[in-house]
Amino acid sequence: STCQLKTQGTSIHWETWDKETIRLVQTLTQRETVLFIADARITFDSFRNCMTATATSKTIITLNPGSDVILKLHPSIYFSVDSISDVLTVEKLKARSQEHAEVFHCIIFGFITSLEINSSISKVIRKRCAKCKFRINEESQTCSNDACPNQGQQLQATEGFDLLVDISDHTGTVQSCNLAGTVAEKTLGCKVKEFLRLSESQRTTLKWKFLLERCKIYLKVFPSARSRSGMRASILSCALADPVEVKQNFASFVV
Ligand SMILES: [Zn+2]
């Protein structure tokens, strides 16, 4: 049996002769099921003039895997922040993003200098489509993804933090870093539901917990043509920094 597996924008030809696998493939829902395929044989098919993946006895197929499954099967795809060790200053981060237009990860010992959690709730918490995770259009209350598998059906939405924060150190500021989802919950130390119940003054207290303290911030930096600086940054983890570690790192900057 052969079939065409589509990924976002591209597709790969998939060939399998194994009965179990054929049965599995027949149960898949188009544009909905996510397949994680480990150890498939990839060859060039000169007849079809394309790359073809073939299932072998070693191939493992996982339906709709969670990141924990992927981590177990293929640790290089997902990694924990523990594998990030590059400490940069804001200035060096900006220089690196300009030198190479590619994704990199780093640590900044800096301050969150703008955290707008007192502004309107719609700027702090955003609804996303439960099916495809794209943003919900607030006006029309529909999924903003034209290719959403749930398009035309009743909207199912999840709520999550979606904040933009500035990060500064003695060398400069990285503006509009994304702080979202569970990373934001961990950073702020509260879930969306709890946050919605906080009073204005409690939100201010929460904010000042960060504005005065130096944090250890793990960042993913990626090129972005839409951004004025040519790059965007997402926070992977943010916690109050250990002063001893800060001192050690600043000593290395001076040298
Ligand atoms: Zn959607």
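Strands are DSSP runs of E with at least two residues, and they are numbered from the N terminus. With that in hand, Ser-176 can be placed in strand β12, and the other strands can be followed by their labels. The model described here is predicted.

The protein chain holds eight helices and 14 strands. Of its 255 residues, 33% count as buried. Among contacts in the chain with a separation of 6 or more, 57% are made by residues 24 or more positions apart.

A good place to start is the interior. In soluble globular proteins, nonpolar side chains tend to be buried together. The largest nonpolar core in this model has 34 residues. Leu-93, Leu-115, Phe-161, Val-165, Leu-219 and Ile-235 touch the most other members of that core. The most generous contributor to this core is strand β7, residues 104-115, which supplies five residues. Another core, of seven residues, lies apart from the largest one and includes Tyr-218, Ala-241, Val-246 and Phe-250.

Ile-235 gives a close-up of the largest core, since this residue is among those that touch the most other members. Setting aside residues up to four places away in sequence, Ile-235 touches Val-165, Ile-167, Cys-177, Asn-178, Leu-179, Val-183, Ile-217, Tyr-218 and Leu-219.

Strand β7 deserves a look of its own. The strand is mostly covered, with nine of its twelve residues buried. It runs antiparallel to strand β13, residues 215-223, and seven bridges join the two. Within this pairing, Ile-108 faces Ile-217 of β13 as its opposite residue. Strand β7 also pairs with strand β11, residues 157-169, again in the antiparallel sense and over four bridges. Here Phe-111 stands opposite Ser-168 in β11.

Ser-114 also belongs to β7. This serine counts as buried because its relative accessibility is 18%, below the 20% limit for buried residues. Beyond its neighbours up to four places away in sequence, Ser-114 touches Leu-164, Val-165, Asp-166 and Leu-211.

The cysteines come next. How many disulfides does a search of the whole structure find? The count is zero. Cys-177 shows why for one case: its sulfur lies 9.5 Å from the closest cysteine sulfur, that of Cys-106, and this is too far for a bond. Cys-177 counts as buried because its relative accessibility is 0%. Cys-215 is likewise in no disulfide, and the sulfur of Cys-238, the nearest one from a cysteine, is 4.1 Å away. A disulfide needs the two sulfur atoms within 2.5 Å, so that pair does not qualify. Cys-215 is buried too, with a relative accessible area of 0%.

Attention now turns to an opening in the fold. The second largest pocket has a volume of about 570 Å³. Its lining is made up of 17 residues. Which of these lie nearest the centre of the pocket? They are Arg-135, Asp-162, Leu-164, Asn-178 and Arg-232. The elements giving two or more residues to the lining are β8 (125-129), β11, β12 (172-180), β13 and β14 (231-240). Two of the central lining residues have already appeared: Asn-178 is touched by Ile-235, and Leu-164 is touched by Ser-114.

Several further residues round out the picture. Lys-193 sits in helix α6, residues 192-197. Is Lys-193 buried or exposed? Its relative accessible area is 66%, so Lys-193 is exposed. Although Lys-193 and Gly-160 are 33 residues apart along the chain, their C-alpha atoms are separated by 9.4 Å.

Asn-145 lies in the loop between β10 (142-143) and β11. This loop residue counts as buried because its relative accessibility is 12%. Leaving aside neighbours within four places in sequence, Asn-145 is in contact with Cys-132, Phe-134 and Gln-151.

Two residues stand out for their backbone angles. Gln-141, which is not a glycine, has a positive phi of about 55°. Its place is in the loop between β9 (136-137) and β10, and with a relative accessible area of 33% Gln-141 is partly exposed. The other is Ser-176, where the tour began: in this residue, also other than glycine, phi has a positive value near 50°. Ser-176 lies in a strand, β12, and counts as partly exposed at 28% relative accessibility.

Terms used. Residues are numbered from 1 along each chain as its sequence is written. This is a predicted model: local features need pLDDT of at least 70, side-chain atom pairs count only at pLDDT 80 or more; totals for chains, interfaces and linings use all residues. Side-chain values use heavy atoms; hydrogens and water are left out. A nonpolar core is a set of buried Ala, Val, Leu, Ile, Met, Phe, Trp, Tyr and Cys residues joined through side-chain atoms within 4.5 Å. Buried means under 20% relative accessible area, exposed over 50%, partly exposed in between (1.4 Å probe, protein chains only). Contact means heavy atoms within 4.5 Å. Two strands pair if DSSP finds at least two bridges between them. On a 1 Å grid over the protein atoms alone, a cavity is a set of points where a 1.4 Å probe fits but cannot get out, and a pocket is an open set with protein on both sides within 12 Å along at least five of seven lines; lining residues have an atom within 4 Å of a point. Grid points are joined across faces, edges and corners, and a volume is the space filled by probe spheres set on the points.
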